[in-house]
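Student: Got a minute to go through this one with me? Put it up and start wherever you like.

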Amino acid sequence: MKKLFLTLIAATALALPAAAKDALTVYTYNSFVADWGPGAKIKATFEKTCDCDLTFVALGDGVAMLNRLKLEGKGTKADVVLGLDTNLTAEAKATGLFAKHGVDVKRAQVPGGWSDDTFLPYDYGHFAVVYNTEMMKDPPKSLDELVNGDAKEKIILEDPRASTPGLGFLLWMKQVYGDKSAEAWKKLKPRILTTSASWDDAYALFTKGEAPMVFSYVTSPAYHMIEEKTDKYQAANFAEGHYLQVEVAGIVEGSAHKALAQKFMHFMLTPGFQDEIPTANWMLPAAPTSAPLPDAFNKLVKPAKTLLYSPEEVAAHRRDWINEWFMAVNG
């Protein structure tokens, strides 16, 4: 009888479905989960630290991601949003959709330090005009030279209404030109080949040879040096300085998996995550990596000056500055 009882217990246990794993849904941008991006390796490494399933959901670029989150509101399926930047954090906080991350901010290593208890950085980099040296022998040496240069030499930009690099360029223009930025946009307009919805769309057009210049990052040439063994793509060093981007992640207040989300935020500042940033996201790590950066990073432009607005300044003026840009380039 005892043997029969144990057999029945064993059979019942085998018949029961396996317990469902905890699931974490992370909203991010397209290039993060591209074949060459860091998403797949980060997913595999994180899942080894927990009995969970990590799902990345790509939603275009950073501004588009915030707009999507606003539309979904408290009904969003996201547990973590990864891919906003400091130009959006004040506006994102004002939605009330984000929770405190609970991570020691001293672990983050970005220019100027970090003190935000809601958003946590995972990488950073200066924006730059990247050019093809085989198509352009005399690149602009300043934003002013770009604005007033030869209209035959085109640049591909990103839309500030949808893209964080697009917004970054708009803010760079505003920092340099101030009240005269609308006039500067009108002067630049003949040089703009197109304005893409996202960085990856813009960069794809650039590498196809559609234009000699694209708005990207100081770190972008490292990709071509390391992966393609070519240095024909370079970043122009601008005399006025370069605008800084710090990319961040945040936990959604309404997440049903907050403990797992917080575990992911802690993981984000470990080598398991950070090791993928330099040679997969092609940005600078926001925390220590397990090995020094490849030598190609020592060959990149080093901006003499960093330009940056506070999150609060951007939140207060973003709509007006975008309207100013739109009227200038479409008027």
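Tutor: Start with a helix pair. Helix α7, residues 181-188, packs against α13 at an angle of about 35°. Their axes are 8 Å apart. Bear in mind that this is a predicted model.

Student: What's the handedness of the crossing where α7 passes α13?

Tutor: Right-handed.

Student: And which residues make the contact?

Tutor: From α7, S181, A182, W185 and K186. From α13, E324, W325, A328 and V329.

Student: How do the residues of that α7 and α13 contact divide into nonpolar, polar and charged?

Tutor: Five are nonpolar, one is polar and two are charged.

Student: Where is P160?

Tutor: P160 is in the loop between β6 (155-158) and α6.

Student: Buried or exposed?

Tutor: P160 is buried, at 2% relative accessible area.

Student: What is P160 in contact with, leaving aside neighbours within four places in sequence?

Tutor: V63, G166, L167, L170, R318, I322 and W325. W325 is also one of the α13 residues in the contact with α7.

Student: How far apart are P160 and I322, in sequence and in space?

Tutor: They are 162 residues apart in sequence. C-alpha to C-alpha, the distance is 7.1 Å.

Student: V63 was on that list. Which residues of its helix, α3, are buried?

Tutor: α3 covers residues 62-72, and its buried residues are G62, V63, M65, L66 and L69.

Student: Why are they on the same side of α3?

Tutor: They cover an arc of only 160° around the axis, so they sit on the same side of α3. The general background is that an α-helix has 3.6 residues a turn, so residues three or four places apart point the same way.

Student: What covers the buried residues of α3?

Tutor: The cover includes three strands and three helices by name: β1 (22-28), β3 (80-85), β4 (98-99), α4 (89-94), α6 (164-177) and α13 (311-330).

Student: And what follows α3?

Tutor: G73. Its phi is positive, near 60°.

Student: Now α8. Which of its residues are buried?

Tutor: In α8, residues 199-207, the buried ones are W199, A202, Y203 and F206. They cover an arc of only 95° around the axis, which puts them on the same side of α8.

Student: What follows α8?

Tutor: G209 follows, with a positive phi near 85°.

Student: Those are glycines. Which residue has a positive phi of about 55° although it is not a glycine?

Tutor: K229. You'll find K229 in the loop between α9 (220-227) and β9 (233-235). K229 is exposed, with a relative accessible area of 69%.

W282 also has a positive phi, near 55°, and is a residue other than glycine. W282 is in the loop between α12 (277-281) and β11 (284-285).

Student: Does W282 count as buried or exposed?

Tutor: Buried, at 7% relative accessibility.

Student: Switching topic. How many disulfides does the structure hold?

Tutor: One. C50 and C52 form it, with their sulfur atoms 1.9 Å apart.

Student: Is C50 buried or exposed?

Tutor: C50 is buried at 16% relative accessible area. C52 is buried too, at 2%. The cut-off for buried is under 20%.

Student: Back to helix pairs. At what angle do α2 and α10 pack?

Tutor: Helix α2 (residues 39-47) and helix α10 (residues 258-268) pack at about 115°. Their axes are 11 Å apart. The crossing is right-handed.

Student: Which residues make the contact?

Tutor: On α2, I42, T45 and F46. On α10, L260, K263, F264 and F267. The contact residues of this pair divide into five nonpolar, one polar and one charged.

Student: Zoom out. How many helices and strands does the protein chain have?

Tutor: 13 helices and twelve strands.

Student: What box do the C-alpha atoms fill?

Tutor: Roughly 95 × 45 × 35 Å, along the principal axes.

Student: And how much of the chain counts as buried?

Tutor: 51% of the 331 residues.

Student: What share of the contacts with a separation of 6 or more comes from residues 24 or more positions apart?

Tutor: 78%. The pair P160 and I322, 162 residues apart in sequence, is in contact.

Methods: Residues are numbered from 1 along each chain as its sequence is written. This is a predicted model: local features need pLDDT of at least 70, side-chain atom pairs count only at pLDDT 80 or more; totals for chains, interfaces and linings use all residues. Side-chain values use heavy atoms; hydrogens and water are left out. Axes are lines fitted to C-alpha atoms, for helices over the stretch in contact, and angles run from 0 to 180 degrees between N-to-C directions. Helices (H or I, at least four residues) and strands (E, at least two) are DSSP runs, numbered from the N terminus. A crossing is left-handed if the near helix is turned anticlockwise from the far one by less than a right angle, and right-handed if clockwise. Contact means heavy atoms within 4.5 Å. Ala, Val, Leu, Ile, Met, Phe, Trp, Tyr, Cys and Pro count as nonpolar, Asp, Glu, Lys and Arg as charged, and the others, Gly among them, as polar. Buried means under 20% relative accessible area, exposed over 50%, partly exposed in between (1.4 Å probe, protein chains only). The arc is that of the directions from the helix axis to the C-beta atoms. A disulfide is a pair of cysteine sulfur atoms within 2.5 Å.
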